[in-house]
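Work through the exercises below with the sequence and the 3D view open. Try each task before reading its solution.

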Amino acid sequence: MVFSRTKTPFFFLVLIATLTTVALGQTRVGFYSTSCPRVETIIQSVVQAAQRSTPGVPAGLIRMHFHDCFVNGCDASILITGPSSERTAPPNSLLRGYEIIDTAKTQLEAACPGIVSCADILAIAARDSVLLAGGIARWNVPTGRRDGLVSRASDTTNLPAFNDPVDVQIRKFAEKGLNTQDLVTLSGSHTLGTAACALFSYRLYNYNNTNGPDPSIDATFLNTLRNLCPNGGDGSTRVNLDTGSANRFDNSYFANLRSGRGVLESDQLLWGNPTTRTFAQRFLGVRGLIGLTFNVEFARAMVKMGNVEVKTGTQGEIRRVCSAFN
């Protein structure tokens, strides 16, 4: 495990061209307006540059923010390097984008030394990743998080997993103050990014020791996945999670679930459960149900998740380097 050596109301949404959120808890919009007014401009520039050089990689920042918040709160503990840190845990082994956060931190330390936390950098960068992928709802990210002082691989055991049944997913979200709608909404982030064959190939060949595939997979899609992930092949090969619009932020993820084209088992199971399926149907505008606008609800859920167990005030620290405690 890795430890630091030292310890030192409600909101509403208004969507016109911008989604505005009012402060949750002890974070607030505009926290750095005086101390580091260029913080969002600097982070956005770094994320844009990363997108130009390696398209698709910034989408990993959304997943990284999610994994960070679900382990001891949104405190950038995921960024710490070292033996048995969170970063080394199996659920985090395939995360990408650390260098983007490091670059943003370097530039912010030059502009505003010791002011902006790594936790806030990650939250803002995750939002910018959505915008770069075509998300139409820009939301204001409440800031003021402090960086955590502990990072342990052993604390990741309760992260939502790629094969969790729906009831387990619901429980894990509820433990973080997130409801079932939040679960389905945030799972929609899988409209972006990829998954390694190792995470789902068991569904293709020997599902639950049946010597056959997961019956919920569409037959045509099954052939596609088998071609991409041959039995006994390279488990590190990456496959788009959204086969319809891999690098575009939209609601096609939910249409894929409806068609049996969810790549991860945990995703496809959301369509098989009546409660979670209803939310997916609402995002698709199914007749007879009250519709939900995915972009708006995703912004709301991201703000809510971004305030899970945050450290503020004198808690934690402001790291000088995101990968190491001060």
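The exercises deal with a predicted model, and each solution goes step by step.

**Exercise 1. Find which residues of the largest nonpolar core touch the most other members, and which helix gives the most to this core.**

Step 1. The largest nonpolar core has 70 residues, and I43, L79 and F298 touch the most other members.

Step 2. Helix α4, residues 118-132, gives the most to this core, with 9 residues.

Step 3. Another core lies apart from it; this one has 14 residues, including A195, L204, L222 and V239.

Step 4. As background, nonpolar side chains in soluble globular proteins tend to be buried together.

**Exercise 2. Decide whether R145 and D120 are buried or exposed, and state what their salt bridge ties together.**

Step 1. R145 and D120 form a salt bridge in which the closest N and O atoms are 2.6 Å apart.

Step 2. Locate the partners: R145 is in the loop between β4 (138-139) and β5 (150-151), while D120 is in helix α4, so the salt bridge ties together parts that are 25 residues apart in sequence.

Step 3. Apply the cut-off for buried, which is under 20% relative accessible area. R145 has 2% relative accessibility and therefore counts as buried. D120 has 0%, so D120 counts as buried as well.

**Exercise 3. Find where D75 and K311 lie in the chain, then do the same for E309 and K176.**

Step 1. The side chains of D75 and K311 meet in a salt bridge, at 3.1 Å from N to O.

Step 2. D75 belongs to the loop between α2 (59-69) and α3 (98-111), and K311 to the segment after α12 (294-305); the two are 236 residues apart. Both D75 and K311 are buried.

Step 3. In the salt bridge between E309 and K176, the closest N and O atoms are 3.2 Å apart.

Step 4. E309 is in the segment after α12, and K176 is in the loop between α5 (166-174) and α6 (180-187), so this pair links parts of the chain 133 residues apart.Step 5. With a relative accessible area of 39%, E309 is partly exposed, whereas K176, at 19%, counts as buried.

Step 6. Elsewhere, salt bridges that share partners join D182, E297, R300 and K304 into one network.

**Exercise 4. Describe how α6 and α12 pack, and name the residues that meet.**

Step 1. The axes of α6 and α12 are 9 Å apart, and the angle between the helices is about 110°.

Step 2. Angles of 65 to 115 degrees count as roughly perpendicular. By this rule α6 is roughly perpendicular to α12.

Step 3. The crossing of the two helices, α6 and α12, is left-handed.

Step 4. From α6, the residues Q181, D182, T185 and L186 take part; in α12 they meet F294, E297, F298, R300, A301, M302, K304 and M305.

Step 5. Look again at F298. Leaving aside neighbours within four places in sequence, F298 is in contact with I62, V130, W139, T185, L186, S189 and F249.

**Exercise 5. Describe the surroundings of P213.**

Step 1. P213 is located in the loop between α7 (202-205) and α8 (219-228).

Step 2. At 29% relative accessibility, P213 counts as partly exposed.

Step 3. Between the C-alpha atoms of P213 and Y202 the distance is 7.9 Å, and the two residues are 11 residues apart in sequence.

Step 4. Beyond neighbours within four places in sequence, the contacts of P213 are R203, L204, Y205, Y207, L222 and R226. Of these contacts, L204 and L222 are also among the members of the core of 14 residues.

Notes. Residues are numbered from 1 along each chain as its sequence is written. This is a predicted model: local features need pLDDT of at least 70, side-chain atom pairs count only at pLDDT 80 or more; totals for chains, interfaces and linings use all residues. Side-chain values use heavy atoms; hydrogens and water are left out. A nonpolar core is a set of buried Ala, Val, Leu, Ile, Met, Phe, Trp, Tyr and Cys residues joined through side-chain atoms within 4.5 Å. Buried means under 20% relative accessible area, exposed over 50%, partly exposed in between (1.4 Å probe, protein chains only). Helices (H or I, at least four residues) and strands (E, at least two) are DSSP runs, numbered from the N terminus. Contact means heavy atoms within 4.5 Å. A salt bridge is a side-chain nitrogen of Lys or Arg within 4 Å of a carboxyl oxygen of Asp or Glu. Axes are lines fitted to C-alpha atoms, for helices over the stretch in contact, and angles run from 0 to 180 degrees between N-to-C directions. Angles under 35 degrees count as roughly parallel, over 145 as roughly antiparallel, 65 to 115 as roughly perpendicular and the rest as oblique. A crossing is left-handed if the near helix is turned anticlockwise from the far one by less than a right angle, and right-handed if clockwise.
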